[in-house]
Each structure stands twice: as C-alpha cells, then as structure tokens.
Amino acid sequence: MTLVESAPTSAVTGGPSLPQERRLVTAIPGPKSIELMSRKTEAVAAGVGATIPIFTAAAGGGVVVDVDGNSLIDLGSGIAVTGVGNSNPRVVVAVAEQLERFTHTCFTVAPYDSYVEVAEALNRLTPGDFTKRSALFNSGAEAVENAVKIARHYTRKQAVVAFDHAYHGRTNLTMGLTAKNQPYKNGFGPFAPEIYRAPLSYPFRDGGLDGVEAAERAILQIEKQIGVENLAALIIEPIQGEGGFIVPADGFLPTLLAWTRANGVVFIADEVQTGFGRTGQWFASDAEGVVPDIIVTAKGIAGGLPLSAVTGRAEIMDAAQVGGLGGTYAGSPIACAAALATIDAYENDGLIERAAAIGEVLLGRLGELAASDPRIGDVRGRGAMVAIELVDPATGAPDAALTGRVAGAAHKAGVIVLTCGTYGNVIRFLPPLTIGDDLLLEGLGVIADALAADAGAVAA
Ligand SMILES: *Cc1c(COP(=O)(O)O)cnc(C)c1O
C-alpha cells in the first residue's frame with residue numbers, strides 16, 4: 001500500500017491508466033463519501049443499498065478510486081460485470097464511435113447491424129454446434145424472464161423448476177425463481193405461479209451425496225411433485241452466484257441435462273454471473289460439456305454497459321410470435337457496440353486464460369489459508385470466481401457474523417469484496433480479469449489479516 005499526503009484533486013482518468021495500487025488517504029469512508037452518502041439517504045429509496053460506503057470517481061485495471069482519492073483493490077468487478085476492466089480502451093473507443101453515429105432507433109422499429117453481429121457472436125460462442133438464435137435485452141432478470149417465456153411457448157407447458165439457493169433476479173417472475181427471502185423477496189409477493197423448487201447438489205453440505213445421486217434426488221422430487229407433462233423448463237446456474245458460489249458435484253448437471261432431453265423439458269442455463277470467461281472458459285457449462293437448450297447471459301458481456309441475451313436452439317427460440325419478444329431499449333446500439341468490443345477483448349487479449357490463471361492464484365492462496373484456519377470450512381469455485389465459506393469450526397454452522405466483520409474490515413482497509421450465500425457466510429472473489437497478481441495477492445493478504453485480527457479480537 002502507498003500512503004500519499006493528499007488526495008489527487010484534479011479529475012482522474014479511469015481505465016488502465018490509473019495507478020494500480022491500494023492507497024488510503026482518508027479513513028473509509030472519507031469526508032466526501034460521507035457527504036454524498038447523506039445526500040443518497042435523502043434522495044434515494046432506502047431499499048437501494050450500498051455494499052461499501054464510498055462513492056466512485058474512477059476505476060480501471062484492478063482498482064476503484066473514490067471521491068476522496070482513496071484507491072481500493074477491486075475484488076468484485078461491480079458483481080462480475082467488468083471482466084475486461086473498467087473503461088476498457090476497446091469499449092471506450094467503440095462506445096464513443098457509436099454515440100456519434102446514433103444513440104437509439106429501437107431495434108424492433110429500425111434495426112442496426114451491431115445487434116445482429118452480437119447475436120451472431122453469441123450463437124458462435126455458446127456451447128452446442130446446432131443452429132441457434134439470440135434475442136437481446138437490458139438486464140439479467142429481463143433475459144431470464146424471456147427465457148422462461150420462450151420455453152413455455154415452445155413446450156406449451158407452464159411449470160418451471162428452479163433450485164435451492166438459486167438467484168435469478170428481482171423482477172416478479174425472477175423473484176419467484178430466486179430462493180432467498182431476505183432481502184430479495186420479503187414483502188414483495190405474491191409471486192408468479194407454476195414455479196417449483198428442487199434440491200441442489202451442494203457438496204460441502206450434502207453429506208457425501210455425489211453429483212449423480214443429487215440429480216436423481218432432484219429428478220424424483222420433480223417427477224412426483226410436478227410431473228414432466230407439466231414441466232416447461234428447468235433453470236439452473238451451473239455455478240451459483242448470489243446463492244454462495246456453490247459448485248455442484250461432477251455429474252449433477254449432465255444427469256439433469258440428459259433427463260430433460262429424454263422428457264421434453266427445456267434446459268436453461270443461467271450464466272449471467274458465470275458467463276463470458278469468468279470461470280476460465282467461455283461458459284461454466286463448458287467444464288462438463290453441458291450443452292443447454294437455452295443459455296442466458298448478461299453481467300460480463302458488454303464491459304459495464306447494460307445488455308443481456310437469450311441464446312438457444314433455433315426451433316425453440318423461433319417459437320414465439322413476431323412482436324412477442326423485444327423492448328424499447330433491448331439491445332441498445334451503445335450496449336451492442338460495447339459488447340462487440342468486449343468480445344474482441346476476450347478473444348484477443350488473453351482474458352480467458354487470465355481468468356484461469358487468477359483462479360490458480362485464488363484457489364492456491366485461499367487453500368493455504370484454509371489449511372491453517374478451521375473457520376474456513378470450504379474453498380470452492382473455478383477461474384476468477386472463487387469463494388470461502390466461513391463456519392463455526394466446532395459445529396460447521398454458518399458464521400454470518402464473522403463473514404460480515406471480515407468483509408467490513410477489508411472495506412476499511414481498501415479492498416472491495418462481496419459476500420453471498422443463503423446463510424450470508426460466504427466471501428466471494430470476482431476480480432476484474434485485468435487485475436495484476438501483485439494487487440490480487442495484496443487483496444487476499446488483507447482478507448487474511450482481517451481473519452487473523454478477528455480471531456485475536458475474539459480470543460482477547
Ligand atoms: C445478477 C444475476 C441475475 C440478475 O441480473 P440483473 O442484471 O441484476 O437483473 C440473474 N441471474 C444470475 C445468476 C445473476 O447473477
């Protein structure tokens with residue numbers, strides 16, 4: 001960490017030109033952030049939270065610089081969005097060019113080629129070598145809703161299965177699909193009908209059930225409680241995001257997939273968080289050769305601009321009537337320009353390999369930490385998507401309080417880190433793929449120090 005005397009006062013430029021360092025010039029939050037936070041409280045609805053109480057001035061590479069001039073290590077990527085880094089130069093140029101040409105026509109009124117080019121790229125990059133189609137939207141939740149619409153229309157069935165610990169969004173249909181009540185669902189019902197929940201494979205808490213056995217347990221429950229003749233689709237995150245970075249045991253996903261194929265059920269992979277290089281492959285489904293019928297992408301696909309997509313088998317995707325899919329801003333030309341530049345960056349700047357290398361650093365360092373700290377019950381994940389689950393070493397019970405204290409201490413020490421999990425006891429690491437190893441290891445060192453200090457404080 002560098003300590004400097006005073007905060008830079010001139011406007012800072014974001015992107016990779018930012019000094020790649022952790023630098024604290026005030027307490028976190030500093031006076032300007034505190035001032036803005038009180039304006040937020042006065043102006044913004046209370047339900048819109050903030051993980052870390054700083055306000056952003058610039059970001060790039062592996063850092064976020066706040067309005068007080070503090071430079072924080074970014075281990076969250078704005079929730080797995082800025083895989084290519086904030087203000088990635090390719091994205092900045094492409095968006096600026098598009099802004100000068102036109103900002104909006106509505107694709108379903110007067111189409112433009114960049115939307116088609118994004119669809120072509122998604123059809124090419126997603127698993128499966130059959131004919132595909134894509135449709136673009138704005139948010140992950142909106143794309144998930146459309147995937148369900150499409151699957152229902154194609155199958156002429158209504159029931160949808162989601163899994164324990166699932167997170168699919170905050171709109172009405174996706175709240176129904178999401179498992180966790182607080183904070184996502186509490187008080188917001190009633191939820192959409194014909195949504196059912198099945199048990200997941202959660203190796204750390206499954207008592208030795210293997211992936212195939214866990215899938216058979218889910219399938220039996222689905223067949224007995226819903227019936228395949230009513231089931232339109234099964235939706236699953238290949239590695240769960242908000243639910244706790246749960247990696248199902250090997251065989252779980254392929255067994256479910258084979259069962260959906262045999263029973264006329266559409267398999268929807270929600271790769272909103274895992275997609276786009278995050279796990280060291282283009283998609284998390286690729287790890288076990290899972291080829292979903294429909295794949296949903298968002299977060300990482302457009303370098304920080306709002307864009308999402310539904311990609312799938314042509315016969316499924318083409319089932320809906322003309323005019324049944326779309327939206328005023330869906331597939332905005334600005335977001336499409338950003339997506340094409342983002343895909344360029346993934347394909348030409350070695351970022352997917354970088355995600356795999358980041359995974360080795362994360363799993364290596366966190367594994368070392370876990371070996372000497374029984375409060376770390378589990379280290380799991382793939383590529384630049386890794387988490388630790390914190391527990392009471394005596395009972396294995398989730399320790400959400402410790403998790404909150406460690407994340408809070410990391411924030412104060414200049415590291416942006418996110419928590420997750422049904423039990424609130426998981427710290428997840430989602431660095432931008434443009435972060436350097438030094439900064440990444442420094443960030444993990446801060447987590448290690450926070451864990452050690454907490455143990456000392458509790459012992460004292
Ligand atoms: C974030 C997320 C969503 C929702 O995306 P939004 O853009 O926030 O609507 C859906 N599914 C998964 C797996 C996610 O991580």
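**Figure 1. The whole protein, with its 13 helices and 15 strands.** This is a predicted model, so please read every legend here with that in mind. The C-alpha trace spans about 65 × 60 × 45 Å along its principal axes. For 460 residues, a compact globule would have a radius of gyration near 23 Å, and the 22 Å of this protein agrees with that. Buried residues account for 54% of the 460. Of the contacts between residues at least 6 apart in sequence, 73% link residues at least 24 apart.

**Figure 2. The surface and charges of the protein.** About 18,400 Å² is exposed, and carbon and sulfur atoms supply 55% of that area. The side chains include 33 positive and 49 negative ones, and the centres of these two sets lie 5 Å apart.

**Figure 3. Domain 1 meets domain 2.** Domain 1 is built from two stretches of the chain, 3–87 and 351–459, while domain 2 covers 91–348. To the contact between them, domain 1 brings 40 residues and domain 2 brings 33 residues. Taken over C-alpha atoms, the domain centres are 27 Å apart.

**Figure 4. Thr297 and its neighbours in strand S9.** Strand S9 runs over residues 294–297 and holds Thr297. With a relative accessibility of 1%, Thr297 counts as buried. Leaving aside residues up to four places away in sequence, Thr297 touches Leu122, Ala143, Glu271, Val272, Phe276, Phe283, Ser308 and Ala309. One of these neighbours, Phe276, is the subject of the next view.

**Figure 5. Phe276, a residue with a positive phi.** Look for Phe276 in the loop between strand S8 (266–270) and S9. Its phi is near 55°, a positive value in a residue other than glycine. Phe276 has a relative accessible area of 2%, under the 20% cut-off, and is therefore buried.

**Figure 6. Arg156, also with a positive phi.** Here phi is near 60°, again in a residue other than glycine. Arg156 belongs to the loop between helix H5 (140–155) and strand S5 (159–163). Its relative accessibility of 67% is over the 50% cut-off, so Arg156 counts as exposed.

**Figure 7. Cis peptide bonds in the loop between H6 and S6.** Helix H6 (172–177) and strand S6 (195–198) frame the loop that contains Pro183. The peptide bond joining Gln182 and Pro183 is cis, with omega at about 0°. Pro190 lies in the loop between H6 and S6 too, and the bond from Gly189 to Pro190 is cis with omega near 5°.

How values were computed: Residues numbered from 1 in each chain as written. Predicted model: local features only at pLDDT ≥ 70, side-chain atom pairs only at ≥ 80, totals over all residues. Heavy atoms only, no water. Helix = DSSP H or I, 4+ residues; strand = E, 2+ residues; numbered from the N terminus. Rg over C-alpha atoms; globule rule 2.2 N^0.38 Å. Buried < 20%, exposed > 50% of the residue type's maximum accessible area, 1.4 Å probe, protein only. Contact = heavy atoms within 4.5 Å. Areas by Shrake-Rupley, 256 points an atom, 1.4 Å probe, with all protein chains shown as cover. Lys, Arg positive; Asp, Glu negative; His and termini not counted. Charge placed at Lys NZ, Arg CZ, Asp CG, Glu CD. Domains from an automatic or database assignment.
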